[in-house]
Amino acid sequence: MSEQLLNEIAECVVTGKNKRMEELVPKALQDGLTPETVLMQGLVKGMEVVSNKFKGEEFYIPQVLLSERALNVGLKFISEKLAQRGFKPRGTLVIGTVKEDLHDIGKNLVAAMFRGQGFNVVDMTVDVKPEQFLQAAKEHKADVVGMSALLTTTMDNMRTTVNVLKQGGFLGRIIVGGAPVTQGFADQIGADLFAEDAATAVDKVKAALGVA
Ligand code: B1M
């Protein structure tokens, strides 16, 4: 019975069904399932399917955004409970679009994929200054800082941010991405990781942190 409920929660993420999610997650908690089970065997399982479909080009951006909305509906019911129970996320990611850059669609996708795979995500939104990345990384004890840039004119703010993070003593991983960003550029500025898309970003960070 509970397996069926969890499968249905996962399916709601995949198909982006917000209303049904609002019924199912409270029901699962009422039935005695723990928030951890709902997260890992329901929401995360669904988001893994979304991630694979996105990688396989079976899903495109609009579908992922619908899944993100359904995921957030589910998370709304369990986030506080997870924190109270001391649930340990797979890692903490501080993410933002770099200084002077206002594009956030790709960054939001990346944030959603991480959230959907059991990471604690601190979204700094857009136009994030290097010092703000550093401050947030320290405050939230981030394992990873992620930066997005869509303009050739703002890419260099990634370099500045990498320098500020390293000089400020940040010891975690740094991942960069965005349409004009390449592996070569990531290497040049000293970022640890580069990903072409949101799903690959999660895979690379999971591998780098050694989390399943
Ligand atoms: Co702007 N814009 N824009 N824009 N915009 C581009 C980027 C541009 C290529 C359009 C063009 O001229 N053909 C061009 C940049 C040219 C260049 O620098 N070479 C451009 C320009 C010039 C501008 C303005 C300067 C225009 C102006 O005002 N004269 C201005 C700049 C504003 C600013 O930022 N300061 C501007 C403004 C805007 C809007 C506000 C109108 C809007 C943004 C709305 C928003 O984001 N909320 C907008 C949009 C929508 C675009 C295009 C059309 C689409 C970008 C997008 O969202 N793509 C874009 C043209 C294009 O790309 N075809 C364009 C979808 C998104 C999912 O892709 O962000 O690449 P993307 O994310 C991908 C991957 O890159 C990766 O994962 C995602 C997929 O899974 N990824 C990461 C992204 N971040 C990652 C981080 C990671 C890992 C992977 O790790 C942390």
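This dialogue goes through the sheet and the two largest pockets of a predicted model.

Q: In what order do the strands of the sheet lie, and is the pairing parallel or antiparallel?
A: Read a sheet from one edge to the other rather than along the chain. Here 5 strands make an open sheet, ordered β2-β1-β3-β4-β5, with parallel pairing.

Q: Which strands stand at the edges?
A: Look for strands that have a single partner. Those are β2 (120-123) and β5 (193-194), so each has one side without a neighbour in the sheet.

Q: How many bridges join β3 to β4?
A: Take one pair and follow its register. Strand β3, residues 144-148, is joined to strand β4, residues 173-177, by 5 bridges, and the two run parallel. Within this pair, G146 of the model is found opposite I175 in β4.

Q: Which strands does helix α5 lie across?
A: Name the strands under the helix, then give the angle to one of them. Helix α5 (residues 105-116) lies across β1 (92-97), β2 and β3. Its direction is at about 160° to that of β2.

Q: How much space lies in the largest pocket, and which residues lie nearest its centre?
A: Begin with the volume and then turn to the lining. The largest pocket holds about 440 Å³ of space. Its lining consists of 24 residues, and nearest the centre are V110, G178, E196, D197 and A198. Two or more lining residues come from each of α5, β3, β4 and α9 (198-209).

Q: Which element gives the most to that lining of the largest pocket?
A: Helix α5 does, with 5 residues. The helix that lies across β1, β2 and β3 is thus also a part of the pocket wall.

Q: How do the residues of this lining of the largest pocket divide into nonpolar, polar and charged?
A: Sort the lining by class. There are 16 nonpolar residues, 5 polar and 3 charged in the largest pocket.

Q: What volume has the second largest pocket, and which residues line it?
A: Apply the same steps again. Its volume is about 280 Å³. Among the residues lining the second largest pocket are L39, L75, F87, R115 and V121. Both α4 (61-84) and β2 supply at least two residues of this lining, and α4 gives the most, with 4. By class, the lining has 8 nonpolar, 3 polar and 1 charged residues.

Q: Where does the second largest pocket lie with respect to domain 1 and domain 2?
A: Check which domains contribute to the lining. Domain 1 (2-84) and domain 2 (92-209) both give residues to it, so the second largest pocket lies between them.

Conventions: Residues are numbered from 1 along each chain as its sequence is written. This is a predicted model: local features need pLDDT of at least 70, side-chain atom pairs count only at pLDDT 80 or more; totals for chains, interfaces and linings use all residues. Side-chain values use heavy atoms; hydrogens and water are left out. Two strands pair if DSSP finds at least two bridges between them. Contact means heavy atoms within 4.5 Å. Axes are lines fitted to C-alpha atoms, for helices over the stretch in contact, and angles run from 0 to 180 degrees between N-to-C directions. On a 1 Å grid over the protein atoms alone, a cavity is a set of points where a 1.4 Å probe fits but cannot get out, and a pocket is an open set with protein on both sides within 12 Å along at least five of seven lines; lining residues have an atom within 4 Å of a point. Grid points are joined across faces, edges and corners, and a volume is the space filled by probe spheres set on the points. Ala, Val, Leu, Ile, Met, Phe, Trp, Tyr, Cys and Pro count as nonpolar, Asp, Glu, Lys and Arg as charged, and the others, Gly among them, as polar. Domain bounds come from an automatic or database domain assignment.
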